[in-house]
Amino acid sequence: MVMSRRYSEVDVFSATAYRGNALAVVHDAEDLSTAEMQQFANWTNLAETTFLLAPTDSRADYRVRIFTASEELPFAGHPTLGSARAWLGSGGTVGASGVIMQECEAGLVPVRVRADRLAFAAPPLTRYEAIEESRLQQVASVLGIEREHILDSSWIVNGPRWMGIRLASAQEVLALRPDPTRLDDLEIGVVGPHAPGAEVQFEVRAFFGGDAVWEDPVTGSLNAGLARWMSDTQVAPSNYVAAQGTVLGREGRVHIDIEDATIWVGGEATLCIEGTVQL
């Protein structure tokens with residue numbers, strides 16, 4: 001039955017509204033079917049759309065289902081922070097611990113609330129190993145670079161099927177012009193360091209293939225995987241800021257803090273649109 005439901009659009013991972021990554025959030029989605037959720041997510045045509053539901057785990061504050069235009073994801077980063085902001089905006093409260101507990105298909109994900117910034121505790125990687133050479137040759141070809149320009153690589157899967165690719169500099173990352181006709185179903189995350197003393201320490205870009213070919217403005221799941229990998233390989237410090245979306249005219253800023261082996265992935269999240277949707 002079609003009914004009026006609360007609806008939010010949240011800008012995530014930027015201190016300036018409309019310069020991060022947009023998320024659509026449908027509240028009180030209990031009676032919607034998976035097919036109805038997927039159809040609406042396809043219609044919004046945003047990177048992701050989420051649906052807030054009552055938790056099934058007593059430890060959780062709310063449950064979320066996360067959809068791209070073509071599939072449901074067990075976890076994703078900017079939808080986690082955006083959903084938390086929308087939940088707080090609809091009257092949700094955070095206790096003395098300063099942590100909200102989100103339930104999603106990947107399990108329970110703590111979300112820390114500090115002033116204007118939210119941060120999620122990165123879930124464990126479900127695939128974390130070297131990328132086979134044949135794949136790297138394909139990635140280099142798609143990115144339009146020579147294979148030797150890839151300094152290091154790793155599978156960093158935590159919901160989305162990310163391949164992490166490290167280049168020598170942020171300038172090389174910004175200069176990439178991938179061939180969209182060759183992306184197929186690849187999900188490629190590229191990172192390179194800025195010069196010492198720069199405002200941010202790393203530049204990140206995320207490229208998707210599949211049913212829709214595009215570059216994601218700011219990507220929490222990718223940055224979570226990159227943080228695990230670059231910390232383990234001693235490429236990144238325990239605290240840093242990554243820029244993303246620069247080529248797209250965005251000002252994404254992802255704050256990484258590693259505390260007692262927990263990777264916190266944080267950023268601002270701003271409620272930009274609030275109203276109702278007939279669904």
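Asp260 lies in the loop that joins strand E15 (252–259) to strand E16 (262–278). In this predicted model, Asp260 has a positive phi of about 50° although it is not a glycine. Most residues other than glycine have a negative phi. Asp260 has a relative accessible area of 81% and is therefore exposed, as the cut-off for that class is over 50%.

A second residue with a positive phi is Phe13, at about 75°, and Phe13 is not a glycine either. Phe13 is placed in the loop between strand E1 (4–12) and strand E2 (21–26). Is Phe13 buried or exposed? Its relative accessible area is 0%, so Phe13 is buried, the limit being under 20%.

**The chain as a whole**

The protein chain contains 5 helices and 16 strands. For 279 residues, a compact globule would have a radius of gyration near 19 Å, and the 18 Å of the protein chain agrees with this. Along the principal axes, the C-alpha atoms fill a box of roughly 55 × 40 × 30 Å. Of the 279 residues, 53% count as buried. Contacts between residues at least 6 apart in sequence were also examined: 62% of them join residues at least 24 apart.

The protein chain exposes about 11,900 Å², and carbon and sulfur atoms supply 49% of this area. The chain carries 21 positive and 37 negative charges, and the mean positions of the two groups are 2 Å apart.

**Arg65 and its surroundings**

Arg65 belongs to strand E4 (residues 62–67). With a relative accessibility of 17%, Arg65 falls under the 20% limit and therefore counts as buried. Leaving aside neighbours within four places in sequence, Arg65 is in contact with Thr34, Met37, Thr49, Thr50, Phe51, Leu53 and Glu72. Val25 is 40 residues from Arg65 in sequence, and their C-alpha atoms are 9.9 Å apart in space.

**Cysteines and accessibility**

A disulfide is a covalent bond between the sulfur atoms of two cysteines. How many disulfides are counted in this model? The count comes to 0. Two cysteines, Cys104 and Cys272, appear in the table below with the residues discussed above.

| Residue | Relative accessible area | Class |
|---|---|---|
| Phe13 | 0% | buried |
| Arg65 | 17% | buried |
| Cys104 | 8% | buried |
| Asp260 | 81% | exposed |
| Cys272 | 22% | partly exposed |

Cys272, at 22%, is partly exposed because its value lies between the limits of 20% and 50%. Cys104, at 8%, is buried because its value is under 20%.

Terms used: Residues numbered from 1 in each chain as written. Predicted model: local features only at pLDDT ≥ 70, side-chain atom pairs only at ≥ 80, totals over all residues. Heavy atoms only, no water. Helix = DSSP H or I, 4+ residues; strand = E, 2+ residues; numbered from the N terminus. Rg over C-alpha atoms; globule rule 2.2 N^0.38 Å. Buried < 20%, exposed > 50% of the residue type's maximum accessible area, 1.4 Å probe, protein only. Contact = heavy atoms within 4.5 Å. Areas by Shrake-Rupley, 256 points an atom, 1.4 Å probe, with all protein chains shown as cover. Lys, Arg positive; Asp, Glu negative; His and termini not counted. Charge placed at Lys NZ, Arg CZ, Asp CG, Glu CD. Disulfide = S-S within 2.5 Å.
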